[in-house]
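Reader: I'm new to this one. Could you show it to me and let me ask a few things?

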Amino acid sequence: MKKALIIVDVQNDFCEGGTLAVSGAHEIIPYINSLMEDDTYSQIILTQDYHPPHHKSFASHHNKKVGESIILNGIPQFMWPDHCVQGTWGAEFHPQLHYPKASHIIQKGTNPEIDSYSAFQDNHQLTKTGLTDFLRSHDIELVEVAGLALDYCVRATCLDAAQEGFITCLHFQGTRAVNIKPENEKNTLYELIQQKVSILA
Ligand code: VGL
Ligand code: ZN
């Protein structure tokens, strides 16, 4: 059975020193690097949150405070600090991430009007990234996921992978949560398990 590894958004802005730093983010990088050295993956896919300046998920664009929510084109949108702006240091992969075997990089969140958490599609579930077709065309049946952040982009990526019919496995040691609320991590894990995502502890 062919396996793929999806590494979600291991970028400077989500790590220590970044504008949307996830606590403990740097701790997962050696673990993820060792996964990528494993020869059992047919495909290694990296995702990169890659927003234009003034993206509409940015609080600054709306004169809102970070942490507020608005309705954006009909769906709730959390207000984030400016992060992962195209061409900036914050959007680059963390310098300690070693990914010479990566076969595919997916840039997401490039449409200024709509946020995009999942590696598979935007938050309106309208525009696909092509990842499903890519994986199917390479006969992938099992998808393993790690990266940042567990309660946003990793969550959405795992749910879509399972929904698309891939056997889906989350590397718990290879992810960290934003935890706007402290219970978010636990609730995300419950939700993933309910939706047939297995957790590799
Ligand atoms: C993410 C919030 C905003 C993530 C991306 O990678 O989890 N979170 N943009
Ligand atoms: Zn983003």
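Author: What follows is a short chat about the chain as a whole and then about one histidine; keep in mind that the model is predicted.

Reader: How many helices and strands are there in the chain?

Author: Going along the sequence, you'd read β-α-β-α-β-β-β-α-β-α-β-α-β. Tallied up, that chain has five helices and eight strands.

Reader: What is the radius of gyration of the chain?

Author: For 201 residues, the globule rule gives 17 Å. The chain's value is close to that, so it is as compact as a globular protein of that length. The radius of gyration is 16 Å.

Reader: Where is H83 found?

Author: Two strands frame the spot: β4 covers 75-78 and β5 covers 104-108. H83 is in the loop between β4 and β5.

Reader: Is H83 buried or exposed?

Author: The cut-off for buried is under 20% relative accessible area. H83 has a relative accessibility of 3%. Therefore H83 counts as buried.

Reader: Which residues is H83 in contact with, leaving aside its neighbours within four places in sequence?

Author: One of them is D13, which is 70 residues away in sequence, yet the C-alpha atoms of H83 and D13 are 6.0 Å apart in space. With those neighbours left aside, the contacts of H83 are D13, F14, T19, L20, D49, H51, S57 and F58.

Reader: Which backbone oxygen lies 2.8 Å from a polar atom of the H83 side chain?

Author: A polar contact needs N or O atoms within 3.5 Å. At 2.8 Å from a polar atom of the side chain of H83, the partner is the backbone oxygen of P81.

Notes:
Residues numbered from 1 in each chain as written. Chains lettered and ligands numbered in written order. Predicted model: local features only at pLDDT ≥ 70, side-chain atom pairs only at ≥ 80, totals over all residues. Heavy atoms only, no water. Helix = DSSP H or I, 4+ residues; strand = E, 2+ residues; numbered from the N terminus. Rg over C-alpha atoms; globule rule 2.2 N^0.38 Å. Buried < 20%, exposed > 50% of the residue type's maximum accessible area, 1.4 Å probe, protein only. Contact = heavy atoms within 4.5 Å. Polar contact = N/O pair within 3.5 Å; in protein donor to acceptor, adjacent residues only side chain to side chain.
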